[in-house]
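This report goes through one protein model. It starts with a single aromatic residue and works outward to the sheet.

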Amino acid sequence: MEKINKNLVGIAGVYYTAAELTCRGYVALVTIRNTQAYDLLISKENKRNILPLQVKTRSTGGFQIVKIEDTEKTAMDKELDRKITCPFVLVDLKNEIPAFFISSEKQIKELIRKECNFYLNIRRHRREPRKTNVRIIFQQKDIMELLENYRNKWENLEL
């Protein structure tokens, strides 16, 4: 795949996700691009429940999920509760056919904690890790293997 602007990659991921959800019987509404925290609002036909979704897309590298300002457990938990407020769909555009990894809000928070612990533990061996401003980017082999458990798990979207 040709290298394209990261904003266009993100937009493509949102529309691929909306298309996939539509094929699965959801009504998927794309929010305006400056809506904080939500990229899609979804519902099932003839139902009143609406579920917001966050979509993260990659065409190279890892999935840039969130920036953690404080890695101490209690502070990180509060920060995650504030920043992660809905399920996530991770869209991998590295191949010709998009791959989708779907996690509930609880599941994505657990993956973030694992990534953060991995980061802190690996850094300890080299030098003392920073306790602030850690970017969570799912690209490490261990996390990517865990993500396979979420491939095409559309049932993680609870409506």
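Is Phe101 buried or exposed? The model is a predicted one. In it, Phe101 has a relative accessible area of 3%. The cut-off for buried is under 20%, so Phe101 is buried.

**Aromatic pairs**

What does Phe101 pair with? Its partner is Phe63, in an edge-to-face arrangement. Phe63 is also buried, because its relative accessibility is 0%. The two rings come from separate elements: Phe63 belongs to strand 4 (residues 63–68) and Phe101 to strand 6. The pair therefore ties together parts that are 38 residues apart in sequence.

The count of aromatic pairs is two. The other one joins Phe100 and Trp154, and it is tilted because its planes stand at 55°. Phe100 lies in strand 6, while Trp154 lies in the segment after helix 4 (141–147). This pair thus links parts that are 54 residues apart in sequence. Phe100 and Trp154 are both buried.

| Pair | Centre to centre | Angle between planes | Type |
|---|---|---|---|
| Phe63 and Phe101 | 6.4 Å | 70° | edge-to-face |
| Phe100 and Trp154 | 5.3 Å | 55° | tilted |

**The sheet**

Strand 6 leads on to the sheet. How many strands form the sheet, and in what order? Five strands form it, in the order 1-2-3-5-6. The sheet is open and its pairing is mixed. Why does one side of strand 1 and of strand 6 lack a neighbour in the sheet? Strand 1 (26–30) and strand 6 (99–103) are at the edges, and each has a single partner strand, so one side of each is left free of a neighbour in the sheet. From one strand to the next, the twist averages 30°.

Helix 1 (residues 6–23) packs on this sheet. Its contacts are with strand 1, strand 2, strand 3 (51–58), strand 5 (88–92) and strand 6. The direction of helix 1 makes about 130° with that of strand 3.

Now the pairings in turn. In general, sheet strands pair through backbone hydrogen bonds, in either the parallel or the antiparallel sense. Strand 1 and strand 2 (residues 40–44) run antiparallel and are joined by five bridges. Leu29 has Leu41 in strand 2 as its bridge partner. Strand 2 also pairs with strand 3, again antiparallel, over three bridges. Here Leu40 has Leu53 in strand 3 as its bridge partner. The hairpin of strand 2 and strand 3 has six residues between the strands. Within that hairpin, Asn46 takes a positive phi near 65°.

Strand 3 and strand 5 pair in the parallel sense, over five bridges. Val55 stands opposite Val89 in strand 5. How much of strand 3 is buried? Seven of its eight residues are, so to speak mostly covered.

**Around strands 1 and 2**

Where does Thr31 lie? Thr31 sits in the loop between strand 1 and strand 2. With a relative accessible area of 14%, Thr31 falls under the 20% cut-off and is therefore buried. Its side chain reaches the backbone oxygen of Tyr38 at 2.9 Å. Leaving aside neighbours within four places in sequence, Thr31 is in contact with Tyr38, Asp39, Leu40 and Leu41. Leu40 and Leu41 appeared above as bridge partners of Leu53 and Leu29 respectively.

One charge-over-ring placement completes this region. Lys44 lies over the face of Tyr26, at 4.2 Å from the ring centre.

Conventions
Residues are numbered from 1 along each chain as its sequence is written. This is a predicted model: local features need pLDDT of at least 70, side-chain atom pairs count only at pLDDT 80 or more; totals for chains, interfaces and linings use all residues. Side-chain values use heavy atoms; hydrogens and water are left out. Two strands pair if DSSP finds at least two bridges between them. Helices (H or I, at least four residues) and strands (E, at least two) are DSSP runs, numbered from the N terminus. Axes are lines fitted to C-alpha atoms, for helices over the stretch in contact, and angles run from 0 to 180 degrees between N-to-C directions. Contact means heavy atoms within 4.5 Å. Buried means under 20% relative accessible area, exposed over 50%, partly exposed in between (1.4 Å probe, protein chains only). Rings of Phe, Tyr and Trp (its six-membered ring) pair if their centres lie within 6.5 Å; planes under 30 degrees apart count as stacked, over 60 as edge-to-face and the rest as tilted. A charge sits over a ring if NZ of Lys or CZ of Arg is within 6 Å of the ring centre and within 35 degrees of the ring normal. A polar contact is a pair of N or O atoms within 3.5 Å; within protein, one must be able to donate a hydrogen and the other to accept it, and residues adjacent in sequence count only if both atoms are side-chain atoms.
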